[in-house]
Amino acid sequence: MVQALENLSIHYRIKGDATRAALYSKLTAEEQARGTPRILSEVPVFLLGIPADEGLTNKEMEALLDSAREKGLKVSDWARRIIGRADVSKDPQASELMALDNLTMGLPEYPTTTQVWEKSAEFGNKISAERFVRFAIEAAEGKIPVEIGKPFVAIMEPVAGTSGGPGVLCLGRSGGGLWLDGRYADSDDQWGPVFRFVVSSRK
């Protein structure tokens, strides 16, 4: 775990030369010269060590979700369908996860799914459904702050739903608690500035 987590300043922690270089490339010369660039001090960016994927089967994922419910995480039927249909992870690397918003990635205020997924590839890799579930469990344990109205979205391979539309996992908090849910991710769907997109960082 990143030590800054204990005081929640993890939102603004950047680690890894490749990631830092990618973020600094989006800054103006004036911002770089100031030494306290907006991208690192005002935008919600953080890294967090999450247990590595284990390539769990559907049955094992169900058991993991049951343990998550015991910790207060609510899981929608839609999220369960996405998890059940997602490819089993084949990447056991324990890379850290990173959350980025539109501004951080240099995107317009309301980019499309295609724009977000393509741009996020400059900062990190797609994550598995299992990895995002583990991320959600960490949040349910109080280790990751999830604010009302500021959901996290997994940059993952979209999964076709029963209606045919592609969906991805989303973690958000409302008056009803912390929810692991799904969200449509058609190529032309738009994503507002409240969303934070979770990728696997490249070290």
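This short presentation concerns the aromatic pairs of one structure and two of its helices, α6 and α4. Please bear in mind throughout that the model is predicted.

I begin with the aromatic rings. Across the whole structure, a search finds 8 aromatic pairs. One of them joins Trp-117 and Trp-191: the ring centres are 5.9 Å apart and the planes stand at 40°, so this pair is classed as tilted. An angle of 40° falls between the limits of 30 degrees for stacked and 60 for edge-to-face.

Where in the chain do Trp-117 and Trp-191 lie? Trp-117 belongs to helix α6, residues 113-120, while Trp-191 is in the loop between β8 (177-184) and β9 (196-201). The two are 74 residues apart, and their pair therefore links distant parts of the chain.

Are these two residues buried or exposed? Trp-117 has 11% relative accessibility and counts as buried; Trp-191 is buried as well, with a relative accessible area of 0%.

Trp-191 has a further partner in Phe-197. Here the centres are 5.7 Å apart and the planes are at 75°, so the pair is edge-to-face. Phe-197, at 1% relative accessibility, is buried. Together with Phe-195, the residues Trp-117, Trp-191 and Phe-197 make up one aromatic cluster.

Charged side chains also meet rings in this model. Arg-183 lies over the face of Trp-191, 4.6 Å from the ring centre. Elsewhere, the charged end of Arg-196 is placed over the ring of Phe-152, at 4.1 Å from its centre.

Returning to helix α6, its buried residues are Thr-113, Val-116, Trp-117, Lys-119 and Ser-120. These pack against β4 (124-125), β5 (152-154), β7 (166-174) and β9.

I turn now to helix α4, which covers residues 58-70. With 13 residues at 1.5 Å a residue, α4 should span 18 Å; the end C-alpha atoms are 19 Å apart, which agrees.

Which residues of α4 are buried? They are Met-61, Leu-64, Leu-65 and Ala-68. Because these four cover an arc of only 100° around the axis, they sit on the same side of α4. A general point applies here: an α-helix has 3.6 residues a turn, so residues three or four places apart point the same way.

On the other side of α4, Lys-59 and Glu-70 are exposed. The buried residues of α4 are covered by elements including β2 (74-75), α5 (77-85), α7 (129-140) and β8. Just after α4, Gly-72 adopts a positive phi of about 100°.

Conventions: Residues are numbered from 1 along each chain as its sequence is written. This is a predicted model: local features need pLDDT of at least 70, side-chain atom pairs count only at pLDDT 80 or more; totals for chains, interfaces and linings use all residues. Side-chain values use heavy atoms; hydrogens and water are left out. Rings of Phe, Tyr and Trp (its six-membered ring) pair if their centres lie within 6.5 Å; planes under 30 degrees apart count as stacked, over 60 as edge-to-face and the rest as tilted. Buried means under 20% relative accessible area, exposed over 50%, partly exposed in between (1.4 Å probe, protein chains only). A charge sits over a ring if NZ of Lys or CZ of Arg is within 6 Å of the ring centre and within 35 degrees of the ring normal. Contact means heavy atoms within 4.5 Å. The expected span of a helix is 1.5 Å times one less than its number of residues. The arc is that of the directions from the helix axis to the C-beta atoms.
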